[in-house]
Amino acid sequence: AGAARRTDSSEWWGAGSAPVLILQGEQDKVAPPEAARELQQAFPERVQLQMIPNAGHSLLYEHPEIVIPRVVEFLRQPPP
């Protein structure tokens, strides 16, 4: 948390120039869904947002059956 407070968000907000997959728990209280939507709206050409219902911040532990196949599918996509 301290590093996040000391780092200007402009350094990390755009996530570089690579394609981005956001798997977002709809009930996430740590990283609110609104932030994921803002990132997708800011970079629609390279940010894929997939909302996961009935999920919080610990997606991999809560729903590995959803997360793993979606990440594998994303990684198998040809580069832009």
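## Val 20 and its surroundings

Val 20 counts as buried, at 15% relative accessibility. This residue lies in strand 1 of what is a predicted model. Leaving aside neighbours within four places in sequence, Val 20 is in contact with Ala 15, Arg 46, Val 47, Gln 48 and Phe 74. Gln 40 lies 20 residues from Val 20 along the chain, and the C-alpha atoms of the two are separated by 9.0 Å.

One of the contacts of Val 20, Arg 46, also takes part in a charge-ring arrangement. The charged end of Arg 46 sits over the ring of Phe 43, at 4.6 Å from the ring centre. As for pairs between aromatic rings, the count is 0.

## Overall layout

The protein has 4 helices and 2 strands. Read from the N terminus, the order of elements is α-β-α-β-α-α. Along the principal axes, the C-alpha atoms fill a box of roughly 35 × 30 × 20 Å.

Of the 80 residues in the protein, 26% are buried. Among contacts with a separation of 6 or more, 64% are between residues 24 or more positions apart.

## The two strands

Strand 1 covers residues 20-25 and strand 2 covers residues 47-52; the two run parallel and are joined by 6 bridges. Within this pairing, Ile 22 has Leu 49 of strand 2 as its bridge partner, and Leu 23 stands opposite Gln 50 in strand 2. Together with helix 2, residues 33-42, the two strands make a right-handed β-α-β unit.

Why is strand 1 described as largely enclosed by the rest of the structure? The description applies because 6 of the 6 residues of strand 1 are buried. Both faces of the strand are covered: one side carries Val 20, Ile 22 and Gln 24, the other Leu 21, Leu 23 and Gly 25, and all of these are buried.

## Nonpolar cores

The largest nonpolar core has 7 residues: Leu 21, Leu 23, Ile 52, Ala 55, Leu 59, Val 67 and Phe 74. Strand 1 and helix 4 (64-76) each supply at least two residues of this core. Apart from it lies another core, of 5 residues, including Val 20, Ile 22, Ala 36 and Val 47. Strand 1 thus has named residues in both sets: Leu 21 and Leu 23 in the largest core, Val 20 and Ile 22 in the other.

Leu 59 is a member of the largest core. Not counting residues up to four places away in sequence, Leu 59 touches Leu 23, Gln 24, Gly 25, Ile 52, Pro 64 and Val 67. Of these, Leu 23, Ile 52 and Val 67 are also members of the largest core.

## Gln 24, a buried residue of strand 1

Gln 24 is found in strand 1. Is this residue buried or exposed? With a relative accessible area of 6%, Gln 24 falls under the 20% cut-off and is therefore buried.

Outside its neighbours up to four places away in sequence, Gln 24 touches Ala 31, Pro 32, Pro 33, Ala 36, Leu 49, Gln 50, Met 51, Ile 52 and Leu 59. Among these contacts, Ala 36 belongs to the core of 5 residues, while Ile 52 and Leu 59 belong to the largest core.

## Glu 34 and Asn 54

Glu 34 is found in helix 2. With a relative accessible area of 48%, Glu 34 is partly exposed. Glu 34 and Ser 58 are 24 residues apart in sequence, and their C-alpha atoms are 17 Å apart in space.

Asn 54 is found in the loop between strand 2 and helix 3 (59-62). How exposed is Asn 54, in relative accessible area? The value is 64%, over the 50% cut-off, so Asn 54 is exposed. The backbone of Asn 54 has a positive phi of about 55°, although the residue is not a glycine. Most residues other than glycine have a negative phi.

Methods. Residues numbered from 1 in each chain as written. Predicted model: local features only at pLDDT ≥ 70, side-chain atom pairs only at ≥ 80, totals over all residues. Heavy atoms only, no water. Pairing = 2+ DSSP bridges. Right-handed = clockwise from strand over helix to strand, strands pointing away. Core = buried A, V, L, I, M, F, W, Y, C linked by side-chain atoms within 4.5 Å. Buried < 20%, exposed > 50% of the residue type's maximum accessible area, 1.4 Å probe, protein only. Contact = heavy atoms within 4.5 Å. Phe/Tyr/Trp six-rings, centres within 6.5 Å; stacked < 30°, edge-to-face > 60°. Lys NZ or Arg CZ within 6 Å of the ring centre and 35° of its normal.
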